[in-house]
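This briefing is meant for a reader who is meeting the structure for the first time. It begins at one residue, then moves to the helix before it, the two chains and the contact they share.

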Amino acid sequence: MRVLLNVSRRVARGDALEVRLLISHPMESGQRRDDGGAPVPRQIIHSLRAAYGGAEVLALELHPAVAANPYFAFAFRPEASGALELAWEDDAGVRQVERVEIEVV
Amino acid sequence: MIGRRLLLAGSALAIARPAWATPDEVSRAIAAVIKGAPLQSGRVRLEIAEMVENGNAVGVSLRAEAPEGGRVASLHLFSEGNPLPGVFSARLGPMAMPRLDTRMRLATSAAVVGVAVMADGQAFADSVTVMVTLAACLE
């Protein structure tokens, strides 16, 4: 899955850090039929988790109503330098992890 | 005794499930996350265009405000405009700001409902009716 992750590598102590994530994924809803009339099986990213320094920031449960090539933006307040880890998994069992080191100054 | 005709009628009903989540299904999905708390207004704000041309990817922003000394525990988004009521459920850790932006599908014009549940169990909702002039392609 191709990923666009937009996050500052440096943040001032006490400030919120904005995270923008765009994942290339069809988010096949499971509601469509193909040209032959056969149902197209659901294939969505069903869960996504953001953790910072090992602590959970955000745990997302997703449904087929999330648009294709899902986009998420959220923010959190890191207290000390550490690693932001974003991990998600789709219905095919494909799991992906993105890791970014953040410096709190 | 269940007659054959009745059985047939039953199976036809099972197949012909409504194309879109009903207000009732959305209410039940909300009830499952608010766990009996009364749904209050305020403290949560749903931002989404009231009229969109295309329901394939509608930008939506859900933000909440924690009560004094409290914390927003989770944010949830639902709609009546899709086959299933849920869009997302987000559990927030103590570091998270109480906000999530994403893009959603809308198969038809419908009410979109955002819900915030506070750490003390209080629940708040905001709703916007979105008119879609072209539906998301589900067929």
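In this predicted model, helix 2 of chain B is followed by B:Lys35, whose phi is positive, near 50°. The points below start with that helix and then turn to the chains as wholes and to the place where they touch.

**Helix 2 of chain B**

- Helix 2 of chain B covers residues 23-34, and because each residue should add 1.5 Å, its twelve residues are expected to span 16 Å, which agrees with the 16 Å that separates its end C-alpha atoms.
- The buried residues of this helix are B:Val26, B:Ala29 and B:Ile34, and since they cover an arc of only 130° around the axis, they lie on the same side of helix 2 of chain B.
- On the face of helix 2 of chain B that is turned away from its buried side, the exposed residues are B:Asp24, B:Arg28 and B:Ala32.
- The packing partners of the buried residues of helix 2 are strands of chain B, namely strand 1 (39-40), strand 5 (72-79), strand 6, strand 8 (110-118) and strand 9 (123-134).

**The two chains**

- Chain B contains two helices and nine strands, and along the sequence these elements follow the pattern α-α-β-β-β-β-β-β-β-β-β.
- Chain B has 139 residues, of which 42% count as buried, and among its contacts with a separation of 6 or more, 72% are between residues 24 or more positions apart.
- Chain A, by contrast, has zero helices and eight strands, and its C-alpha atoms fill a box of roughly 60 × 20 × 20 Å along the principal axes.
- Of the 105 residues in chain A, 31% are buried, while 57% of the contacts in chain A between residues at least 6 apart in sequence join residues at least 24 apart.

**Where the chains meet**

- The contact between the chains draws 28 residues from chain A and 26 residues from chain B, and on the side of chain B that touches chain A, strand 6 (86-92) and strand 7 (99-104) each supply at least two residues.
- Strand 6 of chain B gives the largest share of that side, seven residues, and the residues of the side as a whole divide into 13 nonpolar, seven polar and six charged.
- Strand 6 of chain B also pairs with strand 5 (residues 55-62) of chain A, in the antiparallel sense and over five bridges, and A:Ala59 stands opposite B:Arg91 in strand 6 of chain B.

Technical notes:
Residues are numbered from 1 along each chain as its sequence is written. Chains are lettered from A and ligands numbered from 1 in the order in which they are written. This is a predicted model: local features need pLDDT of at least 70, side-chain atom pairs count only at pLDDT 80 or more; totals for chains, interfaces and linings use all residues. Two residues are in contact if their C-beta atoms, placed from the backbone, lie within 7 Å. Helices (H or I, at least four residues) and strands (E, at least two) are DSSP runs, numbered from the N terminus. Ala, Val, Leu, Ile, Met, Phe, Trp, Tyr, Cys and Pro count as nonpolar, Asp, Glu, Lys and Arg as charged, and the others, Gly among them, as polar. Two strands pair if DSSP finds at least two bridges between them. A residue is buried if 20 or more other C-beta atoms lie within 10 Å of its own, exposed if 12 or fewer, and partly exposed in between; C-beta atoms are placed from the backbone. The expected span of a helix is 1.5 Å times one less than its number of residues. The arc is that of the directions from the helix axis to the C-beta atoms.
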